[in-house]
Every structure is written in C-alpha cells, then in structure tokens.
Amino acid sequence: MSLLSIDLQRKIYPNGVCAVQDLRFSANQGEFIALVGPSGTGKSTLLNMIAGLDTDFTGQIHSPPDTTLSFMFQEPRLLPWLSVADNIRLVLEAPQRQHDNARFARMETLLQQLGLQDFRDSFPNQLSGGMKRRAALVRAFVTQPSLLLMDEPFQSLDEPTAQDLRQLLLKLWAESQPTVLFVTHSLNEALLLADRVLFLSPRPAKVILDYRVPLQRPRPLNTSALQPLQAELLQQYPALLSGLLDRTSEEFPHA
Ligand SMILES: Nc1ncnc2c1ncn2[C@@H]1O[C@H](COP(=O)(O)OP(=O)(O)OP(=O)(O)O)[C@@H](O)[C@H]1O
C-alpha cells in the first residue's frame, strides 16, 4: 500500500537555482528507500519539501492524513542545555501530542536498547558523536512515525561507529516498520540498508534509476558481500555510477 506519492514538476529557489525537476516516485508502507545522488543535486531540498518545511514548489506530495513523520538530520540537533532524556521528552510533550504514558515507557525501552540508559541525564556535549546519533535515533523512533526522513544521519562518524548505528537502525526499523527515506552519498550504505535505491541525476534532481536491492534480510555485515552487486550495477549503468563508486569505495572499507 502506498504511503507516499511524489510528483514534483519543479522547485526553484529565489536565487534562480532549480533544485528539482520532474521528480516522481512512490513509496509503500514499511519500505526502506535510499536516495543516492551527487553532491548539491537537491536531496535535502526534496526531504524538506516532503517534511512540509518547504512549500514553495510546483507539484504534488501525497500521503494519508494520519501519516506521522520524524526527521533525522545530518547533525543530531540536540538542544545543548537539555539532558538526553529531556531532548527526547520534548518530542513526546509537543503541544499537538497527547500525553501518553506508553510513549514514555517506550522512551525508556529505547534508551536501554540503544545503550543510553546510564546517559539519560547527560548533556549533549558530554556524549561522543556516536552516542549523540543514538539519542537522535531514540528521538526519531519514540513517536513511532509512519514516515521517517533521514538526511545523511551517519555522516562524519568513524566507520565502525557508523556500521553499529546502521545495524541499530535496521533493528529499530524491523520492529516498527516505518517507511524510510534515507539520503546518502554512499552506494554501499544504500545497498546495505535499503529495499530500493533511487539514483538521482545531477541538479536538478530527478530519479534516473529505481533499483530494487536483490538481497535477503538480515543484510550481510561484511561489505565484501556487496561487491558483486556493485560490479553488476557498474556494468549495467556505467555512466550513472562510476562517479559514485569512486567516491564511496574509500569511505566504506570492508568490515
Ligand atoms: N535556501 C537556498 N537558497 C538557494 N539555493 C539553495 C538553497 N538551499 C539549497 N540551495 C541550492 O540548491 C541545490 C540543491 O541543494 P541541496 O542541499 O538540496 O542538495 P543535496 O543534494 O542535499 O546536497 P549535498 O549532497 O551536498 O548535501 C544546491 O545547488 C544548493 O546550493
């Protein structure tokens, strides 16, 4: 069943930059979709439009009226003057949300599950980069969203930490099955996580390949298992992927 349907004709910023043109796709309930494309093509712009943060565009974005949304950004965006627990409570106590004890219980479970139970009263500047991302993951999942937007959430972390977070994300996703749109520069990360990879053109962004990842779940931890897929993709779509593969081979060494 479709959760999200995107039919965008155009997004032009006031300075004349056209970030998105003729971009169309739909996402089913519970699907994990990676968006991969060159730097500056319009990936963040697209997520902002889907989240309703940017409404100045021509086109349609449809989702059922009861869709609930979480957004995890490149930076964890924790408020520095609040503890980990208070940062998370903030989304539970947002004015439009009813006080719901089950959600507070869920916060405690997630803090435990992500190994943050002893850091619930710590402040963000007392946490490592990986722990801040864990807190951001708790915040993203605690409201049990039906749509989760993730904009390069594991960028600029060391590779083992990023790999741990990817596994945690897959576990949380499997438990509650939100539809995920995950922006990444890394083909390996996309192949490891997603059911489908949407490859975007250079700006203005449009979908140039909608690729279904032919791998069973649970996904292999060892990224060398992804090499045959990469090779096959490169053979089939050489012009499309050569740039991406060059960029990602360094950043994602074999586990
Ligand atoms: N507020 C803005 N005003 C004008 N131009 C903008 C604005 N925000 C983004 N752009 C431009 O729109 C284009 C798309 O930007 P966007 O951040 O969506 O790309 P991206 O694919 O997410 O990039 P990256 O992979 O580097 O994060 C870029 O050329 C960018 O400079």
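Welcome to this structure, and let us start with helix H3: Asn 101, Ala 102, Ala 105 and Thr 109 are exposed on one side of H3, while the buried residues of H3 are Met 107, Leu 110 and Leu 111. The buried three cover an arc of only 100° around the axis, which puts them on the same side of H3. Please keep in mind that this is a predicted model. The protein chain has an average pLDDT of 90, and the complex with its scores, the ligand shell, three helices and some backbone details are taken up below.

**How confident the predictor is**

- In the protein chain, 91% of the residues have a pLDDT of at least 70.
- For the complex, the predictor gives an ipTM of 0.97 and a pTM of 0.92.
- Residues 248-255 are a stretch to treat with care, as pLDDT stays under 50 there.
- For residues 248-255, the model has 18 contacts beyond four places in sequence.
- Where pLDDT is low, the predicted coordinates should not be read in detail.

**Around the ligand**

- There are 13 residues around the ligand, and Tyr 13, Ser 39, Lys 43, Ser 44 and Thr 45 come nearest.
- Helix H1, residues 43-51, gives the largest share of this shell, with three residues.
- By type, the shell around the ligand holds eight polar, three nonpolar and two charged residues.

**Ile 50, a residue of H1**

- Ile 50 also belongs to helix H1.
- Ile 50 counts as buried because it has 20 C-beta neighbours inside 10 Å.
- Setting aside neighbours within four places in sequence, Ile 50 is in contact with Ile 61, Leu 149 and Leu 181.
- Ile 50 and Leu 147 lie 97 residues apart in sequence, and their C-alpha atoms are 10.0 Å apart in space.

**Helix H3**

- H3 is built from 13 residues and reaches 18 Å from its first C-alpha to its last, close to the 18 Å expected at 1.5 Å a residue.
- The buried residues of H3 pack against H2 and H4.
- Just after H3, Gly 115 has a positive phi of about 70°.

**Helix H4**

- H4 is mostly covered, with ten of its 13 residues buried.
- The buried residues of H4 include four that are named as arginine or lysine in the model, namely Lys 132, Arg 133, Arg 134 and Arg 139.
- Also buried in H4 are Ala 135, Ala 136, Leu 137, Val 138, Ala 140 and Phe 141.
- What do the buried residues of H4 pack against? Their partners are strand S5 (69-72), helix H2 (84-92), helix H3 (101-113), strand S6 (147-151) and H5.
- The end C-alpha atoms of H4 are 19 Å apart, which agrees with the 18 Å that its 13 residues should span at 1.5 Å a residue.

**Helix H5**

- Helix H5 runs over residues 159-176 and has 18 residues.
- From its first C-alpha to its last, H5 reaches 26 Å, close to the 26 Å expected at 1.5 Å a residue.
- Ala 162, Leu 165 and Leu 169 are the buried residues of H5.
- These buried residues are on the same side of H5, because they cover an arc of only 60° around the axis.
- Pro 160, Lys 171, Ala 174 and Glu 175 are exposed on the other side of H5.
- Helix H4 (129-141) is part of what covers the buried residues of H5.
- Gln 177, just after H5, takes a positive phi of about 50°.

**Backbone details in the loops**

- Most residues other than glycine have a negative phi, and most peptide bonds are trans.
- Gln 144 has a positive phi, near 50°, and lies in the loop between H4 and S6.
- With 14 other C-beta atoms within 10 Å, Gln 144 is partly exposed.
- Glu 152 has a positive phi too, near 45°, and is found in the loop between S6 and H5.
- Glu 152 is partly exposed, with 19 other C-beta atoms within 10 Å.
- Arg 203 and Pro 204 are joined by a cis peptide bond, with omega about 0°.
- Pro 204 sits in the loop between strand S8 (196-200) and strand S9 (207-212).
- A cis peptide bond also leads from Arg 217 to Pro 218, with omega near 0°.
- Pro 218 is in the loop between S9 and helix H7 (227-236).

Notes
Residues numbered from 1 in each chain as written. Predicted model: local features only at pLDDT ≥ 70, side-chain atom pairs only at ≥ 80, totals over all residues. pLDDT = per-residue confidence, 0-100. Contact = placed C-beta atoms within 7 Å. Helix = DSSP H or I, 4+ residues; strand = E, 2+ residues; numbered from the N terminus. Expected span 1.5 Å × (residues − 1). Buried ≥ 20, exposed ≤ 12 C-beta atoms within 10 Å, placed from the backbone. Arc of directions from axis to C-beta. Near = placed C-beta within 6 Å. Nonpolar A, V, L, I, M, F, W, Y, C, P; charged D, E, K, R; others polar.
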